[in-house]
Amino acid sequence: MERWDFIKTCGFACLSGTVFAAVLEGCGSSKMIAGTMDKSGLVIPAASFQQGNASFKKYVVVQNEQLKYPVCVYRLSATEYTALLMRCTHQGAELQVVGDRLECPAHGSQFSNKGKVQNGPADTNLRTFTVSIQNDQLHIALT
Ligand code: FES
């Protein structure tokens, strides 16, 4: 094998391994989860935030077929969570999560991880839900 062919072969093998590892990591740390409904609201396992032994996801996006919009749940600490309806208060577009804030793809409004408006045109905070922890489950009251 020529030297250049050897370098190309090794380079492609290395690149393929890197891409494959990134895909696996992406699957393992998915932030989209399905919540279950009970009479009090939406329920998700507290373990949904766990990634690895001692680290946690900042947030998960919870979906359920009964919800018109997903709910973003931020983990602020082991005992403090916020749950935000991902519906923009300007004209109702579905929000996107960008780290510690939610952004509206329609006109650019931004909201904090507690649902407070940070940038307009929206001028109303997001709808939030009370989160309680029982038996390693988060109960998100949808009232
Ligand atoms: S609908 Fe979100 S900023 Fe207009």
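These legends go with close-up views of a predicted model.

**View 1. How confident the predictor is along the chain.** Across the protein chain, pLDDT averages 84, and 80% of the residues reach at least 70. Helix α1 (residues 3-28) sits at the bottom of the list of elements, with a mean pLDDT of 44. At the other end is strand β11 (residues 110-112), which has the highest mean, 98.

**View 2. The low-scoring run at residues 10-28.** Here pLDDT stays under 50. The model also gives residues 10-28 zero contacts beyond four places in sequence.

**View 3. Strand β13 beside strand β8.** Strands β8 (residues 81-85) and β13 (residues 128-134) run antiparallel and are paired over two bridges. To find your way around, look for L84, which faces T128 of β13.

**View 4. The β13-β14 hairpin.** β13 also pairs with strand β14 (residues 137-141), again in the antiparallel sense, this time over five bridges. One handy landmark is S132, whose bridge partner in β14 is H139. Two residues separate the strands of this hairpin, and N135 in the turn has a positive phi of about 55°.

**View 5. Two cysteines, C88 and C104.** Are they buried or exposed? C88 has a relative accessibility of 1%, so with a cut-off of under 20% it counts as buried. C104 comes in at 6%, which also makes it buried. As for disulfides, searching the whole structure turns up zero.

Definitions and conventions. Residues numbered from 1 in each chain as written. Predicted model: local features only at pLDDT ≥ 70, side-chain atom pairs only at ≥ 80, totals over all residues. Heavy atoms only, no water. Disulfide = S-S within 2.5 Å. Buried < 20%, exposed > 50% of the residue type's maximum accessible area, 1.4 Å probe, protein only. Pairing = 2+ DSSP bridges. Helix = DSSP H or I, 4+ residues; strand = E, 2+ residues; numbered from the N terminus. pLDDT = per-residue confidence, 0-100. Contact = heavy atoms within 4.5 Å.
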